[in-house]
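Q: Please take a close look at one part of this structure, and then follow the chain outward from there. I would like one connected account, with the numbers given where they matter.

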Amino acid sequence: MEVINEVKFTMPSLSVNESIARAVVSSFLIQTDPSVDELSEIRTVVSEAVTNAIVHGYRNSTGVIEMTIRLLKGREVYIKVRDRGCGIEDIEKAMEPLFTTAPEEERSGLGFSVMQSFTDSLKVRSKCGKGTIVTMRKKLKNNE
């Protein structure tokens, strides 16, 4: 994995910071001249991953969310979102469409499904009591 450029940042797990995460990924990816659709899809997956960390990872508490965005050789975007929250007990179950651990908050349970549909690769690692790492990759088209 040859990294061309990279940005890392941390933020408190406050819902207001979800929009900041979208803005950061947008600003960083401007250098690639992505299509409107590509940028929209990447903003969406970042929003879903960060929202999951806020709502499910830290459940009514505040912690830190770490985000790494890399531009790789060949116009591939790598995004990692990490929390050190409660973790996911059953990743396979959590990735099922419509499954949610927060029905009282009217969550649809589609976050991982959206992330899968808008990326080329989605990996989720988690340990109960230690947190979750969501890693996504997406290859951008050539603008020629």
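**The end of α2 and what surrounds it**

A: Just after helix α2, R59 takes a positive phi of about 25 degrees. This comes from a predicted model, and the values below are computed from it. The helix that ends there, α2, runs over residues 36-57, and its length is regular: 22 residues at 1.5 Å each should span 32 Å, which agrees with the 30 Å between its end C-alpha atoms.

The stretch that follows α2 can be approached through S13, which belongs to the loop between β1 (3-12) and α1 (17-29). Apart from neighbours within four places in sequence, S13 touches I54, Y58, S61, T62, G63 and I65. One of these contacts has a polar component, for a polar atom of the S13 side chain lies 2.8 Å from the backbone nitrogen of G63. Is S13 buried or exposed? With a relative accessible area of 5%, S13 counts as buried, because this value is under the 20% cut-off.

From that loop the chain passes into α1, a helix of 13 residues whose first and last C-alpha atoms are 18 Å apart, close to the 18 Å expected at 1.5 Å a residue. The buried residues of α1 are N17, E18, A21, V25, S26, F28 and L29, and as a group they pack against β1, α2, β2 (64-72) and β3 (76-83). E18, one of the buried residues of this helix, also takes part in a salt bridge with R22, where the closest N and O atoms are 2.3 Å apart. Both E18 and R22 lie in α1, 4 residues apart, about one turn of the helix. The two partners fall in separate classes of exposure: E18 is buried because its relative accessible area of 14% is under 20%, whereas R22, at 23%, is partly exposed.

The structure holds 6 salt bridges, and another of them involves β2, one of the strands that α1 packs against. R84 and E66 form this salt bridge, with their closest N and O atoms 3.2 Å apart. R84 lies in the loop between β3 and α3 (91-94) while E66 is in β2, so the pair ties together parts that are 18 residues apart in sequence. Both ends are partly exposed, R84 with a relative accessible area of 46% and E66 with 25%.

A third salt bridge leads from β3 to the other end of the chain: the side chains of E76 and R137 meet at 2.9 Å, N to O. This pair links distant parts, since E76 is in β3 and R137 in β5, 61 residues apart. R137 counts as partly exposed at 25% relative accessibility, and it is also the bridge partner of Y78. The two strands themselves, β3 and β5, run antiparallel and are joined by 8 bridges.

Strand β5 (residues 131-139) is joined to β4 as well, by 7 bridges, and these two strands are again antiparallel. They form a hairpin with 3 residues between them, and in its turn G129 has a positive phi of about 80 degrees. Within the pairing, L122 stands opposite M136 in β5. Which side chains of β4 (residues 121-127) are buried? L122, V124 and S126 point to one face and are buried, while S121, K123, R125 and K127 point to the other and are not. Such alternation between the two faces of the sheet is what a regular strand shows. As for β5, 7 of its 9 residues are buried, leaving the strand mostly covered.

One residue brings the account back to α2. S117 is found in helix α4 (residues 111-118), and its C-alpha is 9.3 Å from that of V45, although the two residues are 72 apart in sequence. S117 is exposed because its relative accessible area of 54% is over 50%, and its side chain reaches the backbone oxygen of V114 at 3.0 Å.

These local details belong to a chain of 4 helices and 5 strands, which follow one another from the N terminus as β-α-α-β-β-α-α-β-β. Of its 144 residues, 45% are buried. Among contacts between residues at least 6 apart in sequence, 66% join residues at least 24 apart.

Terms used: Residues are numbered from 1 along each chain as its sequence is written. This is a predicted model: local features need pLDDT of at least 70, side-chain atom pairs count only at pLDDT 80 or more; totals for chains, interfaces and linings use all residues. Side-chain values use heavy atoms; hydrogens and water are left out. Buried means under 20% relative accessible area, exposed over 50%, partly exposed in between (1.4 Å probe, protein chains only). A polar contact is a pair of N or O atoms within 3.5 Å; within protein, one must be able to donate a hydrogen and the other to accept it, and residues adjacent in sequence count only if both atoms are side-chain atoms. Contact means heavy atoms within 4.5 Å. Two strands pair if DSSP finds at least two bridges between them. The expected span of a helix is 1.5 Å times one less than its number of residues. A salt bridge is a side-chain nitrogen of Lys or Arg within 4 Å of a carboxyl oxygen of Asp or Glu.
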